[in-house]
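Q: I would like to learn how to read a pocket and a buried charge from a model. Where do we begin?

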Amino acid sequence: MTVTTIQRVENGAVAVAVVVATVAADQPWWALLAAFLLFDLSALGYLRGPRAGAIGYNAVHSYTGPAVVVTVYLALLLAGHDVGWVALLAACWAFHVAVDRALGYGLKMEDFTHTHLGRIGRERAVPDAGPVGER
């Protein structure tokens with residue numbers, strides 16, 4: 001089993017755990033699906049170029065954002081403010097990152113198709129022209 005496969009499987013497990021935690025917390029599980037594409041708006045940075053696109057995409061597609069949001073939720077909870085929507089936002093965000101990574105969409109490198117989990121999309125095959133003498 002390759003490291004990439006291990007990372008994809010563990011992210012699949014994170015996605016399942018987020019769904020179970022959302023249901024256990026009596027939050028609307030469907031919100032995970034409803035908000036799913038919202039986080040892909042970060043790819044609009046590619047309109048400014050590959051570097052800006054990768055920075056914006058990677059900022060939203062890392063677990064740092066959901067970790068910060070759930071930390072804010074816990075701090076608010078400790079202060080006596082039960083704002084479940086903040087926890088749900090963190091869950092939606094973490095679910096998106098986990099599903100993307102389970103599907104092989106990792107953090108972007110030099111272009112959109114080159115990720116830390118390998119290449120995504122279909123490689124363009126160069127048709128075989130045959131031996132030089134047959135052209």
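Q: By class, which residues make up the lining of the largest pocket?
A: Sort the lining residues by class, then count. In this predicted model, the lining has nine nonpolar residues, three polar ones and no charged ones. The nonpolar group includes Val18, Val70, Tyr73 and Leu88. Thr22, Gln27 and Gly84 are the polar ones.

Q: Which elements give two or more residues to that lining?
A: Map the lining onto the secondary structure. Three helices qualify: α1 (3-24), α4 (64-78) and α5 (84-102). Helix α5 gives the most, with five residues.

Q: How much space lies in the largest pocket?
A: The volume comes to about 160 Å³.

Q: Where do these helices sit in the order of elements along the chain?
A: Read from the N terminus. The order is α-α-α-α-α-β-β. That comes to five helices and two strands. Of the 135 residues, 31% count as buried.

Q: Now the charge. Is arginine 101 buried or exposed?
A: Check burial, then look for a partner. Arginine 101 belongs to helix α5. The residue is buried, yet has no salt bridge. Glutamate 10 is the nearest side chain of opposite charge, 7.1 Å away. A salt bridge needs a nitrogen–oxygen pair within 4 Å.

Q: What does the side chain of arginine 101 reach instead?
A: Look at backbone atoms too. The arginine 101 side chain reaches the backbone oxygen of histidine 61 at 3.0 Å. That falls within the 3.5 Å cut-off for a polar contact.

Methods
Residues numbered from 1 in each chain as written. Predicted model: local features only at pLDDT ≥ 70, side-chain atom pairs only at ≥ 80, totals over all residues. Heavy atoms only, no water. 1 Å grid on protein atoms, 1.4 Å probe; cavity = no way out; pocket = protein on both sides within 12 Å on 5 of 7 lines; lining within 4 Å. Points joined across faces, edges and corners; volume = space filled by probe spheres on them. Helix = DSSP H or I, 4+ residues; strand = E, 2+ residues; numbered from the N terminus. Buried < 20%, exposed > 50% of the residue type's maximum accessible area, 1.4 Å probe, protein only. Lys, Arg positive; Asp, Glu negative; His and termini not counted. Polar contact = N/O pair within 3.5 Å; in protein donor to acceptor, adjacent residues only side chain to side chain.
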